[in-house]
Amino acid sequence: MTENTENTTTATGTHDAASAATAPSAGFRKTGDPDISESPLHPRRVSRRIMVGPVPVGGGAPISVQSMTNTPTRDVSATLRQIGELDQAGCDIVRVAVPTQDDADALPELVRRSPLPVIADIHFQSKYVFEAIDAGCAAVRVNPGNIRNFEKVGPQICQAATDAGISLRIGVNAGSLDKDIYERFGGPTPEALVASALKEAHMFEDVGFHDFKISVKHHDPVTTVQTYRLLASKGDWPLHLGVTEAGPAWQGTIKSCLAFGALLAEGIGDTIRVSLSAPPVEEVKVGCKILEYLGLRQRHFDIISCPSCGRSQVDVIQLAEAVTEGLKGITAPIRVAVMGCIVNGPGEAREADLGVASGNGKGQIFIKGKVIKTVPEDQIVETLLEEAQRIAGEMEASGDGAGASGAGPVVIPVTDGAQA
């Protein structure tokens with residue numbers, strides 16, 4: 001990683017060469033390469049940059065995807081297996097719960113062996129915050145609303161984070177608002193959530209600590225959007241987007257897409273976590289796809305499939321699911337179209353790298369809208385998978401990161417099994 005002494009972030013948040021020259025060896029990491037992830041819909045909100053291990057957050061850095069393990073952190077082997085799955089799915093940062101002393105004791109080994117930077121999630125017990133910092137965690141999430149005596153211990157946490165060169169996250173949730181703020185605003189309104197976040201942010205900044213990001217989560221997507229909009233107007237902190245307690249996979253995905261789509265389309269948000277009552281790897285899949293379809297992350301495998309209708313002479317739903325399952329390991333940015341009839345077929349999916357239009361017991365296989373062969377219906381899936389593997393291999397060999405059909409989305413899949 002190339003260091004730039006003129007663009008350096010120290011543990012106190014200053015940005016100049018002089019502070020970098022005097023920074024201690026354990027000081028904050030350099031910002032690294034100036035990667036920018038610009039939205040095609042709206043300029044990114046200007047925010048300052050912090051680091052979570054090697055991952056930059058804010059300051060125009062690519063929007064990172066986070067998730068949280070659901071294994072007991074004290075079970076290091078199980079937690080590492082889950083972190084490995086998240087890593088393979090495209091996760092950038094992982095958070096682990098630290099509710100007990102046994103979990104805190106497991107952090108040093110977990111941090112040492114994890115392929116992803118680890119954030120310790122701390123509630124109630126401030127002593128675990130210090131143990132997580134000592135364990136080498138890349139960051140710590142603290143919820144000031146439920147940390148005992150936070151007004152007193154907060155500055156001590158900031159000093160420990162400064163000494164260790166790590167960042168923090170202020171995590172404000174609708175369900176754990178400070179009692180006084182809750183009563184003053186009459187509930188977890190956007191104004192109440194932002195007031196809580198500002199209170200803690202100012203406390204951090206008053207002691208010279210600036211390397212933190214903020215989340216202000218609510219279970220309602222409309223309230224979430226209103227809250228983040230309000231907070232974004234108040235300062236340049238990096239923002240962690242989330243809809244808390246979003247529900248089962250189908251419901252939580254919809255809520256997250258609505259809230260994240262609205263905010264990211266306005267340039268608001270620097271890192272995201274999709275919260276689902278589902279395996280954590282599913283959160284990462286949804287988060288990555290949200291960014292891909294908004295043009296904020298390099299596109300990977302994508303399937304275009306038409307909705308089933310009376311013209312279809314093939315089971316489009318089953319066909320799309322079979323193709324998706326067969327190509328789930330593909331990482332090349334190949335776009336495959338599965339169309340149920342020849343009426344729309346190649347015309348509607350001409351932007352795809354590969355596709356099929358089905359009907360009359362056969363399928364027309366096409367590449368970039370041009371039919372290359374016709375096969376019996378029972379050979380459609382096999383033929384599509386073979387051609388897709390070939391095209392994906394050519395893409396990877398040529399280093400064509402944007403793919404033959406360019407970066408960003410063209411058609412959003414609408415079939416139930418279409419999401420990779």
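The charged end of Arg48 perches over the ring of Phe212, 5.2 Å from the ring centre. That is a handy place to start looking at this structure, which is a predicted model. Phe212 does not stand alone: together with Phe204 and Phe209, Phe212 makes up one aromatic cluster. A search of the whole structure turns up 3 aromatic pairs. One of them joins Phe204 to Phe209 in an edge-to-face arrangement, with 5.9 Å centre to centre and 90 degrees between the planes. Another joins Phe209 to Phe212, and this pair is stacked, at 6.5 Å centre to centre with 15 degrees between the planes. Two numbers are quoted each time because a pair of aromatic rings is described by the distance of the centres and the angle of the planes. As for surroundings, Phe204 and Phe209 are both buried, and Phe212 is buried as well.

Stepping back to the whole chain, the secondary structure adds up to 13 helices and 15 strands. The protein chain has 420 residues, of which 55% count as buried. Among contacts between residues at least 6 apart in sequence, 64% link residues at least 24 apart.

Now for a sheet. Five strands line up in the order S11-S12-S13-S14-S15, forming an open sheet of 5 strands with mixed pairing. Its edges are strand S11 (302-305) and strand S15 (370-376), each of which pairs on one side only. From one strand to the next, the twist averages 20 degrees. Helix H13 (residues 380-398) packs on this sheet, where it touches strand S12 (335-339), S13, S14 and S15. The direction of H13 makes about 165 degrees with that of S13.

Strand S13 (residues 354-359) is worth a longer look. The mixed pairing of the sheet shows up right here: S12 and S13 run parallel, paired over 4 bridges, whereas S13 and strand S14 (residues 362-367) pair in the antiparallel sense over 5 bridges. In general, strands of a sheet pair through backbone hydrogen bonds, either parallel or antiparallel. Val356 of S13 is the bridge partner of Val338, and Val356 also stands opposite Ile365 in S14. Further along, Gly359 faces Lys362 in S14. S13 and S14 form a hairpin with 2 residues between them. In that turn, Asn360 has a positive phi of about 55 degrees.

How many residues of S13 are buried? The strand is mostly covered, with 6 of its 6 residues buried. In a regular strand the side chains alternate between the two faces of the sheet. In S13, Leu354, Val356 and Ser358 point one way, while Gly355, Ala357 and Gly359 point the other way, and all are buried.

Elsewhere in the chain, helix H3 (residues 101-113) has a bend of its own. A kink of about 40 degrees lies at Leu107, shortly before the proline Pro108. Leu107 is also one of the buried residues of H3, along with Asp103, Ala104, Ala106 and Leu110. What do these buried residues pack against? Their neighbours are helix H2 (76-89), strand S4 (93-97), strand S5 (118-122) and helix H4 (126-134).

Key
Residues are numbered from 1 along each chain as its sequence is written. This is a predicted model: local features need pLDDT of at least 70, side-chain atom pairs count only at pLDDT 80 or more; totals for chains, interfaces and linings use all residues. Side-chain values use heavy atoms; hydrogens and water are left out. The bend at a residue is the angle between axes fitted to the seven residues ending there and the seven starting there. Buried means under 20% relative accessible area, exposed over 50%, partly exposed in between (1.4 Å probe, protein chains only). Contact means heavy atoms within 4.5 Å. Two strands pair if DSSP finds at least two bridges between them. Axes are lines fitted to C-alpha atoms, for helices over the stretch in contact, and angles run from 0 to 180 degrees between N-to-C directions. Rings of Phe, Tyr and Trp (its six-membered ring) pair if their centres lie within 6.5 Å; planes under 30 degrees apart count as stacked, over 60 as edge-to-face and the rest as tilted. A charge sits over a ring if NZ of Lys or CZ of Arg is within 6 Å of the ring centre and within 35 degrees of the ring normal.
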